[in-house]
Amino acid sequence: MADLQGSYDDLFTAVPSALSALLDEGDAGASVAVFVDGEPVVDVWGGFADAGRTTPWQRDTITNVWSVTKTMTALCALILADRGELDLDAPVGHYWPEFARAGKEKVLVRHLLAHTAGLPDWDGPIEELYDWPSATARLEAQTPRWEPGSAAGYHSLTQGFLVGEVVRRITGRSLGEFFAGEVAGPLGADFHIGLPAEHDHRVALTIPPASQGEDYAASAPGDKAPPAAGARVRVRDGNSVAWRRAEIPAASGFGNARSVGLVQSVMACGGAVRDTRLLSRSGCDRAREEQFSGEDRSLGMPVRWGLGYGLFGNTYGWGGWGGSLVVIDPESRMTVAYVTNQMREPADDNRGMELVMAAYDGLQGLPA
């Protein structure tokens with residue numbers, strides 16, 4: 001069995017056992033955390049931070065979690081909504097006047113969070129993602145691909161700029177700055193959107209699936225997904241210094257399972273963790289208000305979208321390209337987070353859900 005570091009409650013032994021098995025199967029490195037009532041019952045890590053398998057994955061190793069970052073961006077918007085500073089039913093143009101053109105006058109803030117705004121594709125060069133004014137100016141000029149609110153199509157890269165610009169217009173701070181000051185800082189969470197150079201030595205670079213190289217690019221998981229429109233992000237892009245420095249709030253967050261699990265435990269625990277309250281219980285519940293249910297045009301598969309999160313039965317959360325995942329269960333006050341630098345092909349990747357199911361095994365043993 002692969003050697004793991006960290007700690008776990010005896011009831012949750014199935015979780016580290018599952019992670020160890022994944023590393024035995026050939027994965028490079030990963031961390032997994034389970035929080036119940038805002039406290040860690042599993043916090044383990046193992047494997048290697050590099051493709052050459054010379055650098056062990058450490059307690060403070062962080063990696064790009066790709067679209068798990070969207071859950072952090074959504075939390076920022078929900079905090080502002082809870083404070084009364086952001087009206088989810090307002091037109092985006094109320095906060096961002098330059099956006100209200102080219103058929104986007106009726107796009108509401110909630111459409112941005114629910115992937116129903118009709119702006120799913122990034123049609124500019126990858127390099128423009130690293131420049132916030134250029135990225136938002138491009139989105140200002142885009143025309144929706146469908147009547148806003150009438151359909152859903154996963155906004156894989158664009159959602160972060162859309163929500164992030166609204167946050168910036170309201171607060172005067174970038175999404176990464178707001179998250180650092182209002183979320184990560186108060187919680188003591190080691191998660192970053194726009195990574196300072198001082199943390200570079202801790203980063204585990206993304207490793208493409210076996211038989212794939214650095215030009216391996218993101219693709220939709222569903223069989224019915226249309227060919228990707230616009231620019232496609234490659235592994236080499238995500239591993240670049242420019243990507244780490246940029247704030248791409250849909251995809252460039254860096255953290256580990258402990259930090260992802262801690263932050264999203266706020267949503268599992270009614271808005272407060274360890275005496276730090278970020279939003280009200282009703283503000284948390286808002287995330288689960290269904291905005292769309294049906295076939296997602298970009299993903300090519302059935303999806304239920306809440307406000308910034310995917311809905312899965314009584315749970316919600318989201319996963320990232322390459323396997324990282326967070327699942328929130330408010331009824332059990334549990335959050336499960338899995339972070340890895342080892343990609344697998346999407347069709348063959350059930351690692352995150354295996355770990356979630358292992359966490360539920362432990363949950364059964366807790367006193368009612």
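Angles of 65 to 115 degrees between helix axes count as roughly perpendicular. Keep that range in mind on this tour of a predicted model.

**First stop: helices 5 and 6.** Select residues 132–141, which form helix 5, and residues 158–171, which form helix 6. Their axes come within 10 Å and cross at roughly 105°. Helix 5 and helix 6 are therefore roughly perpendicular to each other. Now show the side chains where the two helices meet. Helix 5 brings Trp 132, Ala 135, Thr 136, Leu 139 and Glu 140. On the side of helix 6, the residues include Phe 161, Leu 162, Glu 165, Arg 168 and Arg 169. Sorted by class, this contact of helix 5 with helix 6 has five nonpolar, four polar and four charged residues.

**Next stop: helices 7 and 10.** Select residues 175–187 for helix 7 and residues 257–268 for helix 10. The axes come within 10 Å here too, and cross at roughly 95°. This crossing is therefore also roughly perpendicular. Pick out Phe 179, Val 183 and Leu 187 of helix 7, then Leu 262, Val 263 and Val 266 of helix 10; these make the contact. What classes do the residues of the contact of helix 7 with helix 10 divide into? Six are nonpolar, with no polar and no charged residues.

**Last stop: helix 1.** Select residues 14–24. The buried residues are Val 15, Pro 16, Ala 18, Leu 19, Ser 20, Leu 22 and Leu 23. To see what covers them, add strand 1 (4–8), strand 2 (29–36), strand 3 (39–47), strand 15 (334–340) and helix 12 (351–363), which are among the covering elements. Finish at Gly 26, just after helix 1, where phi is positive, at about 125°.

Conventions. Residues are numbered from 1 along each chain as its sequence is written. This is a predicted model: local features need pLDDT of at least 70, side-chain atom pairs count only at pLDDT 80 or more; totals for chains, interfaces and linings use all residues. Side-chain values use heavy atoms; hydrogens and water are left out. Axes are lines fitted to C-alpha atoms, for helices over the stretch in contact, and angles run from 0 to 180 degrees between N-to-C directions. Helices (H or I, at least four residues) and strands (E, at least two) are DSSP runs, numbered from the N terminus. Angles under 35 degrees count as roughly parallel, over 145 as roughly antiparallel, 65 to 115 as roughly perpendicular and the rest as oblique. Contact means heavy atoms within 4.5 Å. Ala, Val, Leu, Ile, Met, Phe, Trp, Tyr, Cys and Pro count as nonpolar, Asp, Glu, Lys and Arg as charged, and the others, Gly among them, as polar. Buried means under 20% relative accessible area, exposed over 50%, partly exposed in between (1.4 Å probe, protein chains only).
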